Amino acid sequence: QARLSAQQSHLAVARARLKDQELQLKGSEEKVKEIERRLYGGQIRNPKELEGYQREAEMFRQQASKIEERALESLGETDALQAVLAQIETEVTRMERAWAEQNRAWQIERDALTPALKTAEETIARLRADTDEVMLARYDRLRRGRGGLAVAPLRGDACGACGVQVTTGARQAIEHEELALCEGCGRIIGL
């Protein structure tokens, strides 16, 4: 979108410059016509005045020629900018479609996960209600202080979170489904 906006701005500037050059060209051409009308209208009889008007007409013709060259360059630039703009618009359209498709997929996934989330939240609420308040407070404190991970799995003879060896006493407590804390990170160790 930013590239599209920038390209539209560049194109608007180029179009304005082209329009200005076209107006300048028209003005020069009108001045040449006015001078030629005077020259060939038979009103000027003085040779010096006639020569002055001819020089002035030639000056405006040269000016018009230069403006016309610049206008042609601007026209080429405008055409090139329009071609790039068309490519960017095509890319933006493609990206918007891809985003819309991905968004639909996410919505479908969200809708599919919502019942499972609700069930999990209900289970959590039920388990929290059935858990000892002191144990629950310890769990919540660990969770807040350990980046959301209060319980670590036992991996071999080590804590699955920090890798510190679990003591024999902690291992026996885990096997008897009693509370065991890792001596390294302080998390609850579970099977």
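Helices (H or I, at least four residues) and strands (E, at least two) are DSSP runs, numbered from the N terminus. The views below come from a predicted model, in which local features need pLDDT of at least 70, side-chain atom pairs count only at pLDDT 80 or more, and totals for chains, interfaces and linings use all residues. Residues are numbered from 1 along each chain as its sequence is written, and side-chain values use heavy atoms, with hydrogens and water left out.

**View 1. Arg171 and Glu175 form a salt bridge in helix H4.** A salt bridge is a side-chain nitrogen of Lys or Arg within 4 Å of a carboxyl oxygen of Asp or Glu. Here the N to O distance is 3.4 Å. The two residues are four apart in H4, so about one helical turn separates them. Arg171 is partly exposed, at 27% relative accessibility. Glu175 is partly exposed too, at 49%. Buried means under 20% relative accessible area, exposed over 50%, and partly exposed in between (1.4 Å probe, protein chains only).

**View 2. One face of helix H4 is lined by buried residues.** The buried residues in H4 are Ala170, Ala173 and Ile174. Seen down the helix axis, they fall within an arc of 100°, so they line one face of H4. The arc is that of the directions from the helix axis to the C-beta atoms. Strands E1 and E3 are among the elements that cover these residues. After H4 comes Glu177, with a positive phi near 60°.

**View 3. The largest nonpolar core has 11 residues.** A nonpolar core is a set of buried Ala, Val, Leu, Ile, Met, Phe, Trp, Tyr and Cys residues joined through side-chain atoms within 4.5 Å. Its members are Ala152, Leu154, Cys159, Val166, Ala170, Ala173, Ile174, Ala180, Cys182, Cys185 and Ile189. Strand E1 (151–155) and helix H4 (168–175) each supply at least two of them. H4 gives the most, with three residues. In soluble globular proteins, nonpolar side chains tend to be buried together.

Which residues are in contact with Val166, leaving aside its neighbours within four places in sequence? They are Leu154, Asp157, Ala158, Cys159, Arg171 and Ile174. Contact means heavy atoms within 4.5 Å.

**View 4. Three strands make an open sheet in the order E2-E1-E3.** The pairing is mixed. Two strands pair if DSSP finds at least two bridges between them. The edge strands are E2 (158–159) and E3 (188–190), and each pairs on one side only. E1 and E2 run antiparallel, joined by two bridges. Leu154 has Cys159 in E2 as its bridge partner. The hairpin of E1 and E2 has two residues between the strands, and Gly156 in this hairpin takes a positive phi near 70°. E1 and E3 pair in the parallel sense, over three bridges. Val151 stands opposite Ile188 in E3.

**View 5. Arg17 and Glu77 link distant parts of the chain.** Their side chains meet in a salt bridge at 2.8 Å, N to O. Arg17 sits in helix H1 (residues 2–40) and Glu77 in helix H2 (residues 47–130). The two are 60 residues apart. Arg17 is partly exposed, with a relative accessible area of 34%. Glu77 is partly exposed as well, at 35%.

**View 6. Gln7 is a buried residue of helix H1.** Its relative accessible area is 10%. Which residues does Gln7 contact, leaving aside its neighbours within four places in sequence? Gln7 is in contact with Leu81, Val84, Leu85 and Ile88.

**View 7. Arg55 and Glu51 form a salt bridge in helix H2.** The distance is 2.7 Å, N to O. The residues are four apart in H2, so about one helical turn lies between them. Is Arg55 buried or exposed? Arg55 counts as exposed, at 53% relative accessibility. Glu51 is partly exposed, with a relative accessible area of 44%.

**View 8. Glu36, Glu58 and Arg61 share a network of salt bridges.** These three residues are linked to one another through the network. How many salt bridges does the structure hold? The structure holds 10. Side chains of opposite charge can pair when their charged atoms come close.
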